[in-house]
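Subject: A structure for you to look at

Hi there,

Here is the structure I promised you. Please open it next to this email and follow along as you read.

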Amino acid sequence: TEVKRKVICLTSDEVYRLFNFKDFEYGSPKHHLYTTTYIIEKSKTVKDIIRTNFEVYRDMLVFGCGVGTRYSDLVNLKIDNYRGSEGKYNQNELGYFQFRMIKSRESKEVVVPMNELTLQIYKKYSKNKSSNDFLFPRTRNGGPIWGEKINVNIKVIGQIVGLNRLVSRPIGDVQGKVVGDSDIRKPLYKFLTTHIMRRTFIRESLNNQIPDYVVKQFSGHSSSKVFETYFNPTEKEM
């Protein structure tokens, strides 16, 4: 027995609030007030690029909300996954991302249109990279940044940015009764994990009147039953 959980996602205003918080960025004189941990991308042709960890984690979260990927797909996106009308990058158009889902049994290929935020982030991280390079920074050993590390840090990022909307995520026991005070509302930032990217993408797509069968193609869902676990009807829809 399970307690029916309300699906938690970010609103478009909250995504913009994250994106527009520039004090995390290495070029900001205020970044040291929040973090002194840096991520350095080595380059053979240009000067090494230095960014703060909060800057990178924030950008990955916002990009994921705009593309609807799982975290395992996000960290493996490459520069060549971008497509324009001529099959390559064009700064004068939004274009789209095309990639194969790692966890799909059929290695399903999905195509997702870019938006103004994802395009800005793509431009930022693709600069001076070749088509086979990963879009987002890797660890010193060349592997992807651990999801556990992202999950811990985006909660801190959300608290700093002020994602304080009250939400609840009740936990049930085997009899279907709510455990402890899990039904009490808490600030949104406490619930931030990388899973919120897909839920936000799907909910915002539906909010923008995109038909659900099209959104399913964007998100790579084959099952309507699984797809419907990613969103609840809004109060306006009810």
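Strand E3 and strand E4 (residues 96–100) run antiparallel and are joined by 2 bridges. Try finding one of the residue pairs yourself: Arg83 has Tyr96 in E4 as its bridge partner. Please keep in mind that this is a predicted model.

Now zoom out a little. These strands belong to an open sheet of 3 strands, ordered E3-E4-E5, with antiparallel pairing. At its edges sit E3 (82–83) and E5 (109–113), each of which pairs on one side only.

Next, the inside of the protein. Which residues touch the most other members of the largest nonpolar core? They are Leu10, Tyr57, Met60 and Phe63, out of 57 residues in that core. Helix H2 gives the most to this core, with 9 residues. Phe63 is a nice one to click on: leaving aside neighbours within four places in sequence, its contacts include Leu74, Phe97, Met114, Ile121 and Phe136.

Finally, have a look at the largest pocket, which has a volume of about 880 Å³. Its lining is made of 29 residues, and Ile40, Pro137, Arg138, Thr139 and Arg140 lie nearest the centre. Strand E1 (38–41), helix H2 (53–67) and helix H5 (147–161) each supply at least two residues of this lining, and the largest share, 4 residues, comes from E1. Sorted by class, the lining has 12 nonpolar, 9 polar and 8 charged residues.

Enjoy exploring, and write back with any questions!

Best wishes

Conventions: Residues numbered from 1 in each chain as written. Predicted model: local features only at pLDDT ≥ 70, side-chain atom pairs only at ≥ 80, totals over all residues. Heavy atoms only, no water. Pairing = 2+ DSSP bridges. 1 Å grid on protein atoms, 1.4 Å probe; cavity = no way out; pocket = protein on both sides within 12 Å on 5 of 7 lines; lining within 4 Å. Points joined across faces, edges and corners; volume = space filled by probe spheres on them. Nonpolar A, V, L, I, M, F, W, Y, C, P; charged D, E, K, R; others polar. Core = buried A, V, L, I, M, F, W, Y, C linked by side-chain atoms within 4.5 Å. Buried < 20%, exposed > 50% of the residue type's maximum accessible area, 1.4 Å probe, protein only. Contact = heavy atoms within 4.5 Å.
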